[in-house]
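User: Could you walk me through how to read a few features of a protein model? I work at the bench and would like to learn it by example.

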Amino acid sequence: MPVTLLPSLVLLLTCAPPAQEPAAAVETVAGDFGLGLRPVGLRFDQPLWVVSAPDDAEVLFVVEKPGRVRAVVRGELQREPVLDLRDRISDRSERGLLCLVFHPNWGRDGEDSVFLHWNDRSGHTHVTRNHLPRPEPGAPWRATDEEELLLFVEQPFPNHDGGQLAFGPDGHLYIGLGDGGAANDPLAAGQDLTTHLAKILRIDVDGGSPYAIPADNPFVDVEGARPEIWAYGLRNPWRFSFDPETGDLWIGDVGQNLWEEVDFLPADHGGGANFGWRRWEGSHPFDPDLELGPTPHVPPIFEYPHGAPHYDCSVTGGFVYRGDAIPELRGWYLWADYCSGRVGALKQEGGQLVASLDLTRDLAPNTKLPALCSFGRDADGELYLVSLQGPVWKIVPEEAD
Ligand SMILES: [Ca+2]
């Protein structure tokens, strides 16, 4: 290429509209942080989630899809379940007991609330407030029978139920719901603000009964819009999390048949983000004729295709690592693919992706990691990987695994 052409090429690249282009800009290369995987307890019955007691990383709670919560206390699996909803839950397809989070004030001033996201026998979504008090020394962890329904959402199909719960840095509860299921968003729920489906909701669990709508939720003044909506245009936000250091929000949003995506919202975004589904699948047009909601499309910070060479098919969103055991991993966001067993790490600066690593070989040099359905984070900020086939692993420095 003649040197004289370069300035115009640079100008062309600089002027190109950035809206749909950033996702593929950074090449993914093999990374090596010297990581290992240490199994937690025995195998579980379709584990979907792991979280520790808010003040004790040695007390882990594993959520099993069919409806139990199991405790692993200082490496020992507690015989009796913490909670057993098996006779009230449908776990067909993607349904089940999907998440458990602790109230941010849990353990202080008598606060013992935990929050659950699950599907009833008819498949409909329940978000409930339950209670898990700290047991007397030596006694087992056991939830009480008290339960309050916060949110009920009818589910038209057995998949894309979302399932994530997370408390934000603002103390509000964020709730993930998929587009209702089947395929191709048949209800066009993604861009429809009159339904809770295909959204991340935001509620104040202490300001009212059963909850209050935060006054600064983005669509409280929009006629017909559900006031709980915080973000929309999500197909199935299968795991999202807040960076505990910055308050930034990271979302893994499962794609249709072509593109898996990771979305990013800076802490100061202010809500109302439109992640594009089903007008867009990742940064690619899916239904170009569909009218967008009232806010512009926020394209993914990272996306990857189905098919060769990795045969990825479904993203599992993770966490930004902020623990102490693996200093080099600090500030990296981890994600996985359910089908290929790949684990990746992303780093952003100013909302732009600046590095993308493949950590699969680092974590598991000799085996394929099966059915990676979730990450978890404990009270020390250390991360876990969950396989729906039974194992739960802590991510540790290599020499410690
Ligand atoms: Ca999207």
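**The calcium site and beyond**

Analyst: Let's start with the metal. In this predicted model, the calcium ion is coordinated by E261 (OE), E261 (OE) and F275 (O), at 2.2 to 2.7 Å. The two residues come from distant parts of the chain, 14 residues apart: E261 belongs to strand β18 (residues 259-265), and F275 sits in the loop between β19 (273-274) and β20 (280-281).

User: Are these ligands, E261 and F275, buried or exposed?

Analyst: For burial, look at the relative accessible area; under 20% is called buried. E261 has a value of 5%, so this residue is buried. F275, at 1%, counts as buried too.

User: How do I read a sheet, and which strands form the one that contains β19?

Analyst: Follow the order of the strands, then ask which ones sit at the edges. Here five strands make an open sheet, ordered β12-β13-β14-β15-β19, with mixed pairing. β12 and β19 are the edge strands, each pairing on one side only.

User: How many bridges join β15 to β19?

Analyst: Two bridges connect strand β15 (residues 229-232) with β19, and these strands run parallel. To find the contact on screen, pick Y232, whose bridge partner in β19 is N274.

User: Next, aromatic rings. What should I look at, and how many aromatic pairs does a search of the whole structure find?

Analyst: A pair of aromatic rings is described by how far apart the centres are and by the angle of the planes. The search finds 16 aromatic pairs in the whole structure. One of them is F61 with W141, an edge-to-face pair with 5.2 Å from centre to centre and 80° between the planes. This pair also links distant parts of the chain, 80 residues apart: F61 is in strand β4 (residues 56-64), while W141 is in the loop between β10 (125-131) and β11 (147-153). Both partners are buried, F61 at 0% relative accessible area and W141 at 7%.

User: Why is the pair of F102 and W106 called edge-to-face?

Analyst: Planes over 60 degrees apart count as edge-to-face. The planes of F102 and W106 stand at 80°, with ring centres 5.2 Å apart, so this pair is edge-to-face. F102 is buried at 9%, and W106 counts as buried at 5%. Ring pairs join F61, F102, W106 and W141 into a cluster.

User: Finally, pockets. What is the volume of the largest pocket, and which residues are closest to its centre?

Analyst: Read a pocket by its volume first, then by its lining. The largest pocket has a volume of about 710 Å³. It is lined by 26 residues, and V51, F102, F167, P244 and R377 are the closest to its centre. F102, then, appears both in this lining and in the ring cluster. The elements that give two or more residues to the lining are β3 (47-53), β8 (97-102), β12 (165-167) and β16 (237-242). β3 provides the largest share, four residues. By class, the lining has 16 nonpolar, seven polar and three charged residues.

User: And what lines the second largest pocket?

Analyst: That pocket holds about 370 Å³ of space. Its lining has 21 residues, with E94, N236, W238, S314 and Y338 nearest the centre. By class, these are nine nonpolar, nine polar and three charged residues across the lining.

Technical notes. Residues are numbered from 1 along each chain as its sequence is written. This is a predicted model: local features need pLDDT of at least 70, side-chain atom pairs count only at pLDDT 80 or more; totals for chains, interfaces and linings use all residues. Side-chain values use heavy atoms; hydrogens and water are left out. On a 1 Å grid over the protein atoms alone, a cavity is a set of points where a 1.4 Å probe fits but cannot get out, and a pocket is an open set with protein on both sides within 12 Å along at least five of seven lines; lining residues have an atom within 4 Å of a point. Grid points are joined across faces, edges and corners, and a volume is the space filled by probe spheres set on the points. Ala, Val, Leu, Ile, Met, Phe, Trp, Tyr, Cys and Pro count as nonpolar, Asp, Glu, Lys and Arg as charged, and the others, Gly among them, as polar. Donors are N, O and S atoms within 2.8 Å of the metal (3.2 Å for Na, K and Ca); water is not among the atoms, so sites may look incomplete. Buried means under 20% relative accessible area, exposed over 50%, partly exposed in between (1.4 Å probe, protein chains only). Two strands pair if DSSP finds at least two bridges between them. Rings of Phe, Tyr and Trp (its six-membered ring) pair if their centres lie within 6.5 Å; planes under 30 degrees apart count as stacked, over 60 as edge-to-face and the rest as tilted.
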